[in-house]
Amino acid sequence: RELVQKKETAVSELVKNAYDADATEVNLIFENTNSPGGTLKIIDNGHGMSRDRFINAFMRISSLDKINNPQSPKYNRQKAGRKGIGRFSAQRLGSKLVLVTKTQNMEMAIKVEINWEEYKGEKELVGIRHDIEEVSIDDEHGTMLTIGNLREKWTEAQIQRVYRYISDLIQPYPLSKERKDDKNKQDPGFKANFYKLDNGEPK
């Protein structure tokens with residue numbers, strides 16, 4: 001968890017992962033976060049992960065995927081996320097993670113639940129089991145992260161700080177990113193929506 005010092009940085013890294021997955025939109029929902037113990041959902045419409053990619057990239061520490069593939073496959077974006085920091089960002093934010101992801105070629109999404117409290121000193125990593133379930137979702141493709149039991153509270157000012165951290169991903173559109181070539185489709189841009197949900201009331 002100490003690899004990611006600021007919680008705002010942790011959230012921005014997860015948003016950058018959505019950008020790297022060629023998402024055009026990501027929704028962040030901070031639910032009951034006026035005190036520790038709340039929930040953060042990050043939902044994007046990117047290309048998602050296959051079962052093999054989840055096992056060999058997300059679940060592999062210090063994956064070389066972003067070094068070997070520095071640009072996104074669909075819109076040729078220069079990848080913004082730092083190597084392998086996404087999973088540590090999720091761990092930094094809360095003690096539980098539920099990941100649901102689906103590619104366009106998959107009939108069913110895959111779902112994995114991770115309890116970071118299982119990762120303790122002197123414990124063998126091979127002894128920690130994560131079952132992969134198949135679930136049905138409405139979206140054609142994308143990834144949803146549900147980070148539960150948040151370690152800290154979130155104020156509106158802190159949420160706005162996250163938006164500023166990722167503003168460089170949003171601001172250049174549509175002018176400087178309007179390009180089209182034989183290999184890649186025109187990049188439609190990237191939009192991030194932030195919601196604060198307290199006692200069922202969205203803001």
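Which side chains along strand 2 (residues 39-44) point to one face and are buried, and which point to the other? The structure is a predicted model, in which local features need pLDDT of at least 70 and side-chain atom pairs count only at pLDDT 80 or more, while totals for chains, interfaces and linings use all residues. Residues are numbered from 1 along each chain as its sequence is written, and side-chain values use heavy atoms, with hydrogens and water left out.

Strands are DSSP runs of E with at least two residues, numbered from the N terminus. In a regular strand, side chains alternate between the two faces of the sheet. Strand 2 shows this alternation: Leu40, Ile42 and Asp44 point to one face and are buried, that is, under 20% relative accessible area with a 1.4 Å probe and protein chains only. Thr39, Lys41 and Ile43 point to the other face and are not buried.

Two strands are said to pair if DSSP finds at least two bridges between them. Strand 2 runs antiparallel to strand 1 (residues 25-31), to which six bridges join it; here isoleucine 42 lies opposite leucine 28. Strand 2 also pairs with strand 6 (residues 142-150) in the antiparallel sense, over five bridges, and lysine 41 has threonine 146 of strand 6 as its bridge partner.

Strand 1 is further joined to strand 7 (residues 191-198) by seven bridges, and these two strands run parallel. Isoleucine 29 has tyrosine 195 in strand 7 as its bridge partner. Strand 7 in turn runs antiparallel to strand 8 (residues 201-202), with two bridges between them, and leucine 197 stands opposite proline 202. Strands 7 and 8 form a hairpin with two residues between them, and asparagine 199 in the turn has a positive phi of about 55°.

Note on methods: Buried < 20%, exposed > 50% of the residue type's maximum accessible area, 1.4 Å probe, protein only. Helix = DSSP H or I, 4+ residues; strand = E, 2+ residues; numbered from the N terminus.
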